[in-house]
Amino acid sequence: MRWTKAFIPTLKETPAEAEITSHKLLLRAGLIRKLAGGLYTFLPLGVRVLHKVERIVREEMDRAGALEVLMPALQPPEIWQQSGRYETAADVLFKVRDRSKKEWVMSPTAEEVITTVAAAEINSYRQMPVNFYQVSMKFRDEIRPRFGLMRAKEFIMKDAYSFDATDEGAMASYKKMYDAYKRIFDRCGVQNFPVEADTGVIGGNYSHEFMVPADTGENDVVYCEGCGYAANIEKATSGIPKTAARDAGGAFEKFETPGVVTIEALSKAPYSVPANRQIKTLVYIADSKPILILVRGDDQLNETKLMARTGAVAARPATPDEIFALLGARPGSLGAATKVPALVASGDVKVYADDRLQGANEMTTGANEDGYHLRNVSIERDIKVTQWCDLRTVSAGEPCAKCGKSLKIRRAIEVGHVFKLGTKYSEKLNATFLAEDGSRKPSVMGCYGIGVTRTMQAIIEQCNDKDGIVWPISVAPYTVCITPLAVAPDSAVMQVAESIYADLTAKGIDVILDDRDERPGFKFKDADLVGFPIRVAIGEKSLAKGEVEIKRRGGEMILVKSDDAVAKVAELIAAAGN
RNA sequence: CGGAGCGUAGCUCAGCCUGGCUAGAGCACUUGCUUUGGGAGCAAGACGUCGCAGGUUCGAAUCCUGUCGCUCCGACCA
């Protein structure tokens with residue numbers, strides 16, 4: 001490609017719409033332009049990068065034995081109702097109507113469709129294992145699109161769906177995808193690591209997310225440098241000890257605490273009850289029923305865990321009015337030792353308590369009466385706990401549950417997610433088969449997503465410097481940029497440039513020739529901004545000695561004889577290895 | 001949806017508080033001359049429904065109301 005024939009609208013200044021580095025660079029390097037919030041046009045250079053990432057994805061999916069398909073973006077709402085996700089995923093569903101007013105759903109993912117295919121076509125255990133994948137535009141009515149391609153209303157996703165006859169088979173399919181994902185992100189040239197993850201609305205019981213570490217990521221990841229444990233904070237647990245039991249005192253007693261409505265206020269004089277001897281009582285409305293959640297005063301409730309443990313489809317904090325109606329007190333004076341046991345006994349309320357409180361006594365909590373708290377509360381004796389479970393959020397510095405080393409937390413971008421789904425969808429959509437023993441069973445599914453456009457941005461977020469993008473060779477829009485410092489066709493400089501351009505092109509290397517009649521500084525700045533991995537600069541000075549300059553983006557410049565330039569470039573590309 | 005901020009040239013922004021001449025600058029764009037190893041200089045030129053709609057006023061980019069859009073913080077996810 002010749003630069004004068006390409007379309008690369010670079011920007012010297014940063015558009016006001018961009019906040020994070022990768023978004024700024026996507027715009028400045030001329031890869032994308034915004035049409036509206038969360039909707040972007042991929043310009044020619046952006047498309048080239050996208051295709052390179054997609055190619056890596058396809059190669060590795062194919063290598064792992066998955067089969068490419070292409071499913072409709074417009075889907076009938078009936079199959080969503082059948083799976084139950086018409087309600088549970090309602091928030092993100094784009095819906096449209098055709099001329100006959102029939103409603104259609106714009107695909108945010110395709111479990112329902114592929115399972116419909118499987119229901120019709122997979123009738124025997126002999127047809128499995130099988131894994132179908134596609135690369136296609138997905139649509140989600142995001143609450144808040146942001147950061148360019150990072151969270152958009154439409155985005156390109158690679159989604160794959162495996163079908164197995166047995167649970168063991170499904171685990172093997174899962175492992176194949178897990179391994180393929182590791183290879184894909186490694187080949188894309190980004191640091192990445194898998195973490196244990198929550199399964200959320202998709203369902204299932206086993207899941208990993210692939211993360212690219214970045215301060216601008218939207219996920220907190222808990223990890224241990226000792227044993228390699230890593231998990232999304234929504235899922236992470238630690239080996240933090242339970243609350244120490246003390247010598248059991250007498251019955252709990254009420255005491256006056258006028259105006260005290262926070263853990264902190266109660267921890268100060270004259271009360272001086274440390275946060276770790278308090279029980280924090282929260283009221284949530286889960287699927288329109290009130291539930292009580294008990295965590296220790298110095299712990300934070302993890303809402304994702306709450307959803308997972310209660311199996312609720314929707315949960316939100318109760319309003320002060322709802323709380324008052326239920327317990328007769330306002331937030332800040334709530335507790336589960338009074339009034340609540342009767343509500344639990346009558347089945348009106350369930351109490352979920354964090355494991356860390358198990359066996360705790362001599363605790364302080366609200367009295368369900370404004371201005372009063374209770375001291376000397378023993379959980380086992382005074383509170384009817386419906387279910388004990390892990391509900392707290394892990395903090396940095398807590399001991400690892402596996403090896404005891406101090407846990408750390410970092411921000412990261414989720415670029416891939418693998419789920420073992422089980423039979424949730426195959427049961428609801430009747431994807432059953434005849435097993436070897438003649439019985440009819442639902443197939444065991446897995447699903448596997450990669451945010452292709454998000455991956456593209458995550459690569460930029462990680463691979464950049466003050467001058468611009470620093471593309472890994474595997475995904476760069478062009479691998480080599482040839483920069484002649486004179487462009488008159490009869491100049492020696494341009495003739496050498498043309499010759500190297502022709503030779504590199506003949507070798508099948510993606511190369512762009514900057515034939516613009518611009519000053520050298522201008523061309524260098526543009527090349528650095530766009531981030532071509534290898535630059536070959538040809539100027540009169542060095543050419544007088546028969547030499548050209550080869551520079552690895554972000555690396556050292558070397559001088560080579562112009563006749564050796566092509567071989568040297570090939571060598572650099574081979575050294576990158578991906 | 002809740003909270004905060006912003007909409008003026010293709011881009012970055014000034015002007016608005018305290019209404020008043022023809023609405024400005026830099027970058028980008030066009031033409032010419034000079035320049036030519038890290039986003040050049042000079043000269044000339046083209047580019048605006050001041051987001052949109054109503055209102056107040058002799059007069060609105062400026063004040064008021066509504067509305068639309070964008071960005072950031074929170075709940076959602078690849």
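Reader: What makes the approach of Arg 146 to a phosphate oxygen of RNA strand B a polar contact?

Author: A polar side-chain atom of Arg 146 lies 3.3 Å from a phosphate oxygen of RNA strand B, and a polar contact is a pair of N or O atoms within 3.5 Å (within protein, one must be able to donate a hydrogen and the other to accept it, and residues adjacent in sequence count only if both atoms are side-chain atoms), so this pair qualifies. This is a predicted model, in which local features need pLDDT of at least 70 and side-chain atom pairs count only at pLDDT 80 or more, while totals for chains, interfaces and linings use all residues. Residues are numbered from 1 along each chain as its sequence is written, chains are lettered from A and ligands numbered from 1 in the order in which they are written, and side-chain values use heavy atoms, with hydrogens and water left out.

Reader: Which part of RNA strand B does a polar side-chain atom of Arg 535 approach, and which element gives the most to the surface near the strand?

Author: Arg 535 places a polar side-chain atom 3.0 Å from a base oxygen, whereas a polar backbone atom of Ala 16 is 2.5 Å from a phosphate oxygen. Among the elements that give two or more residues to that surface are strand E8 (154-164), strand E21 (408-422) and helix H15 (520-530), and H15 gives the most, with eight residues. A residue is near the strand if one of its heavy atoms lies within 4 Å of it, and 48 residues surround RNA strand B, with Lys 12, Arg 140, Ile 143, Asp 528 and Glu 549 the closest.

Reader: How do you know that Asp 510 and Lys 52 form a salt bridge, and what does the pair tie together?

Author: The N to O distance between their side chains is 2.7 Å, and a salt bridge is a side-chain nitrogen of Lys or Arg within 4 Å of a carboxyl oxygen of Asp or Glu, so the pair is counted. Asp 510 lies in the loop between helix H14 (492-506) and strand E28 (511-513), and Lys 52 in helix H2 (residues 44-63), so the bridge ties together parts that are 458 residues apart in sequence. The structure holds 42 salt bridges.

Reader: Why do Asp 510 and Lys 52 fall into the accessibility classes that they do?

Author: Buried means under 20% relative accessible area, exposed over 50% and partly exposed in between (1.4 Å probe, protein chains only). Asp 510, at 26%, is therefore partly exposed, whereas Lys 52, at 15%, counts as buried.

Reader: Why are the rings of Tyr 478 and Phe 532 called stacked, tilted or edge-to-face?

Author: Rings of Phe, Tyr and Trp (its six-membered ring) pair if their centres lie within 6.5 Å, with planes under 30 degrees apart counted as stacked, over 60 as edge-to-face and the rest as tilted. The centres of Tyr 478 and Phe 532 are 6.3 Å apart and their planes stand at 55 degrees, so the pair is tilted. Tyr 478, with a relative accessible area of 6%, is buried, and so is Phe 532, at 2%.

Reader: What makes Lys 95 a charge over the ring of Tyr 86?

Author: A charge sits over a ring if NZ of Lys or CZ of Arg is within 6 Å of the ring centre and within 35 degrees of the ring normal. The charged end of Lys 95 sits over the ring of Tyr 86 at 4.4 Å from its centre, and that of Lys 254 sits over the ring of Tyr 372 at 4.8 Å.

Key:
Helix = DSSP H or I, 4+ residues; strand = E, 2+ residues; numbered from the N terminus.
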